[in-house]
Amino acid sequence: REPLEKPFHWAVHRSPWRVWNFRALGLLAMFLGMRMVLSPFAVEIAHMEVMAVYGSAAPLIAALTATLGGLLLITAAATAVYRPAAA
């Protein structure tokens with residue numbers, strides 16, 4: 001008896017390019033979302049002591065940092081599901 005997902009694998013073959021394109025689009029969408037969320041606070045972010053070094057690029061750096069933090073959180077959650085620490 002074949003698994004239920006076997007016909008799907010016959011119809012739609014896994015393509016590494018397609019997978020990485022969707023991952024890149026997701027990362028871009030997350031970055032753009034962070035930019036939109038942080039844009040009302042651009043002046044406050046630029047005047048923070050920690051971010052003052054970056055000048056007018058401070059909101060961009062904050063959005064990039066938040067995006068990478070979200071990416072790592074999602075990666076950790078997915079890894080925990082597939083490779084549980086306590087097996």
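**Exercise 1.** Leaving aside its neighbours within four places in sequence, which residues is Ala58 in contact with?

*Solution.* Begin with the source: this is a predicted model, in which local features need pLDDT of at least 70 and side-chain atom pairs count only at pLDDT 80 or more, while totals for chains, interfaces and linings use all residues. Residues are numbered from 1 along each chain as its sequence is written, and side-chain values use heavy atoms, with hydrogens and water left out.

Next, locate the residue: Ala58 belongs to helix α4, where helices are DSSP runs of H or I with at least four residues, strands are runs of E with at least two, and both are numbered from the N terminus. Then apply the contact criterion, heavy atoms within 4.5 Å; once the neighbours within four places are set aside, the partners of Ala58 are Ile45, Ala46 and Met51.

**Exercise 2.** Decide whether Ala58 and Gly55 are buried, partly exposed or exposed.

*Solution.* Buried means under 20% relative accessible area, exposed means over 50%, and partly exposed lies in between, with a 1.4 Å probe and protein chains only. Ala58 counts as buried because its relative accessibility is 0%. Gly55, which sits in the loop between α3 (42-46) and α4 (58-82), is partly exposed because its relative accessible area is 31%. To place Gly55 further, note that its C-alpha atom is separated by 9.5 Å from that of Ile45, ten residues apart along the chain.

**Exercise 3.** Describe the overall form of the protein, starting from its helices and strands.

*Solution.* Count the elements: the protein has four helices and zero strands, which follow the pattern α-α-α-α along the sequence. Turn then to the extent of the C-alpha trace, which spans about 65 × 35 × 20 Å along its principal axes. Finally, consider burial: 10% of the 87 residues count as buried.

**Exercise 4.** Which residues line the largest pocket, and which elements give two or more residues to its lining?

*Solution.* The lining consists of Phe8, His9, Val12, His13, Arg14, Ser15, Arg18 and Val19. The elements that give two or more residues to this lining are α1 (6-11) and α2 (16-38). A pocket here is an open set of points on a 1 Å grid over the protein atoms alone, where a 1.4 Å probe fits, with protein on both sides within 12 Å along at least five of seven lines, and lining residues have an atom within 4 Å of a point.
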